[in-house]
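Biologist: Could you walk me through this model? I'd like to go from the overall fold down to single residues.

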Amino acid sequence: MSVDAQAVDAASEPVEVGAPRCAIVRLRVHCFRNYPEATVHLGPGLNVIHGQNAQGKTNLLEAIATLALTRSPRTTTSADLLLWNEDAALAEADVARPPADVTLTLRFQRDPSTGRVSRVTAVDGKPRPARAILGVCPVVLFWPEDLALVRGGPDGRRRFLDVILAQTDPPSVAHMSRYRRVLEQRNALLHQLRLGGGARDSLNSFTSELAQHGAWLGVARSRLVESLAPLAALSLHDLSGERERISLRYAPVHVASIPESVEAAEQSLLDTLRQRASEEVARGMTLAGPHRDDVAFDLDGRAARGSASQGQQRSIVLACKLAEVRYLQDTAGVAPVILLDDVLSELDPERRGRLLALLAEGRHQVLVTTTEPLTEVAGFADVLHFTVRSGVVTQDERP
Ligand SMILES: Nc1ncnc2c1ncn2[C@@H]1O[C@H](COP(=O)(O)OP(=O)(O)OP(=O)(O)O)[C@@H](O)[C@H]1O
Ligand SMILES: [Mg+2]
């Protein structure tokens, strides 16, 4: 889908001032990464977290993202989150948001016999499944690896979509985790078949299950990309005033586009998997499905990856992150919390200024980490400064 500059102009209204926001009032971490124990009282506007390298800036933002998403965006191994040599960790936040303030808790516990780390989630002190937390405190994390969204590998682009779906589309979360599990089982079987073992009969049932969950996920992602496309075009315009037309398209690996209905998408994936079964056995892996799909970015009708300049690619990335902010806001009905880890220094002063101005105008709570003192904070009514040193956070006394 593409949006021309005229449409962008028409749609380019500022984010509604006074829109309700979601803000973390208090964050507590215990034995989380390099924090033995810390409680931080955050402001509703801009929170600047300053510190030298390797002090715990990213770990603090990771704690918030892990709590909001119930999984770390940085590691798939929960054990990495526990302070070294500890068996339990906690991240907890008091979240102010309409219609009601809420306390979210995430605990990690190592089982002494198996060594496995499990997670327990609670809302207002009562145990609740992880899905009850997702979307309660919408967050947008923007960190250096996002800068490779256009030129990097497709896994970063898939993650970009899945993090949004996790916070906005509860059924997709269930399909996503079941898809992941059946993909693992199916790949293990294909690997065995390749080596001459395994039961070929089991492949059919794995294939049907994979197609069922894969179709749901493919359709959800494809619809999400359609919703993000005009928001990204609008954001590109707001950020740089550039006249280029940006378009986003979900690019499945096995068909030109995902059919609109889940049933048709399931049949299409099923047909492909059946046709390619021998090739899959020969290669010992699943060759089609959402784990291999991609997102195509075009700028003025050309693939951005091959033709856009570095600066243009960076503008597209920023536009996509702002589209994520706007989409979450529209869906959740509150302005999401913005976590900017180390990215401001990667942007030129003009883009940096525009990004902060847009976030201030949208009344977002923003947490920014930086190794250099941040001086341009114009637009934010409330600014708090913190210093992080070896897992200890202190609020700076500033006028
Ligand atoms: N599970 C853990 N237990 C204890 N320390 C950890 C754990 N995981 C990471 N660390 C340490 O935490 C420290 C701070 O990491 P973090 O990524 O937050 O640094 P940072 O302040 O963001 O630095 P930079 O400016 O380089 O990005 C690192 O020295 C890292 O080795
Ligand atoms: Mg860092």
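Modeller: Sure. One term before we start: helices (at least four residues) and strands (at least two) are DSSP runs, numbered from the N terminus. By that count Leu367 has its place in strand β13, residues 366–370. And keep in mind that this is a predicted model.

Biologist: Is Leu367 buried or exposed?

Modeller: The cut-off for buried is 20 or more other C-beta atoms within 10 Å. Leu367 has 27 such neighbours, so Leu367 counts as buried.

Biologist: Which residues does Leu367 touch, leaving out those up to four places away in sequence?

Modeller: Contact here takes C-beta atoms within 7 Å. For scale, the C-alpha atoms of Leu367 and Leu344 are 11 Å apart, with their positions 23 residues apart in sequence. The residues that Leu367 touches are Asn47, Ile49, Leu61, Leu339 and Leu340.

Biologist: Let's zoom out. How many helices and strands does the chain have, and what is its radius of gyration?

Modeller: The secondary structure comes to 10 helices and 15 strands. Along its principal axes, the C-alpha trace spans about 70 × 60 × 40 Å. A compact globule of 399 residues would have a radius of gyration near 21 Å, and the chain agrees with that at 22 Å.

Biologist: What percentage of contacts join residues at least 24 apart, among those between residues at least 6 apart in sequence?

Modeller: As background, 43% of the 399 residues count as buried. Among the contacts you're asking about, the share joining residues at least 24 apart is 73%.

Biologist: How is the chain divided into domains, and how many residues does each put into the contact?

Modeller: Domain 1 covers 17–138 + 334–399, and domain 2 covers 153–333. Their centres, taken over C-alpha atoms, are separated by 28 Å. The contact takes 16 residues from domain 1 and, from domain 2, 15 residues.

Biologist: Which element gives the largest share of the side of domain 1 that touches domain 2?

Modeller: By class, that side of domain 1 divides into 12 nonpolar residues, one polar and three charged. The largest share is four residues, and they come from helix α10, residues 349–361.

Biologist: And the largest nonpolar core: which helix gives the largest share of it?

Modeller: That core has 110 residues, and those with the most contacts inside it are Ile64, Ala232, Ile316, Ala319 and Leu339. At least three of its residues come from each of domain 1 and domain 2. The largest share, 17 residues, is from helix α5, residues 200–240.

Biologist: Ala232 is on that list. What is Ala232 in contact with, leaving aside neighbours within four places in sequence?

Modeller: Ala319, which shares that list with Ala232, is one of its contacts. The full set is Ile246, Leu248, Ala319, Cys320 and Ala323.

Biologist: Where does Leu236 lie, and is Leu236 buried or exposed?

Modeller: Leu236 lies in helix α5. Its C-alpha is 35 Å from that of Arg178, and the two are 58 residues apart in sequence. With 26 other C-beta atoms within 10 Å, Leu236 is buried.

Biologist: Now the backbone oddities. Which peptide bond is cis?

Modeller: Look at the loop between β4 (88–96) and β5 (102–110), where Pro99 has its place. Omega there is near 5 degrees, for the bond from Pro98 to Pro99.

Biologist: Arg33 and Ala54 have positive phi without being glycine. Which is buried and which is exposed?

Modeller: Arg33, with phi of about 50 degrees, is in the loop between β1 (23–32) and β2 (35–41). Ala54, with phi near 60 degrees, is in the loop between β3 (46–50) and α2 (57–69). Arg33 has 23 other C-beta atoms within 10 Å and Ala54 has 10, so Arg33 is buried and Ala54 is exposed.

Biologist: Last one: which residues come nearest to ligand 1?

Modeller: There are 16 residues around ligand 1. By class, this shell has four nonpolar, eight polar and four charged residues. Those that come nearest are Asn34, Asn53, Lys57, Thr58 and Asn59.

Technical notes. Residues numbered from 1 in each chain as written. Chains lettered and ligands numbered in written order. Predicted model: local features only at pLDDT ≥ 70, side-chain atom pairs only at ≥ 80, totals over all residues. Near = placed C-beta within 6 Å. Nonpolar A, V, L, I, M, F, W, Y, C, P; charged D, E, K, R; others polar. Buried ≥ 20, exposed ≤ 12 C-beta atoms within 10 Å, placed from the backbone. Contact = placed C-beta atoms within 7 Å. Domains from an automatic or database assignment. Core = buried A, V, L, I, M, F, W, Y, C linked by C-beta atoms within 7 Å. Rg over C-alpha atoms; globule rule 2.2 N^0.38 Å.
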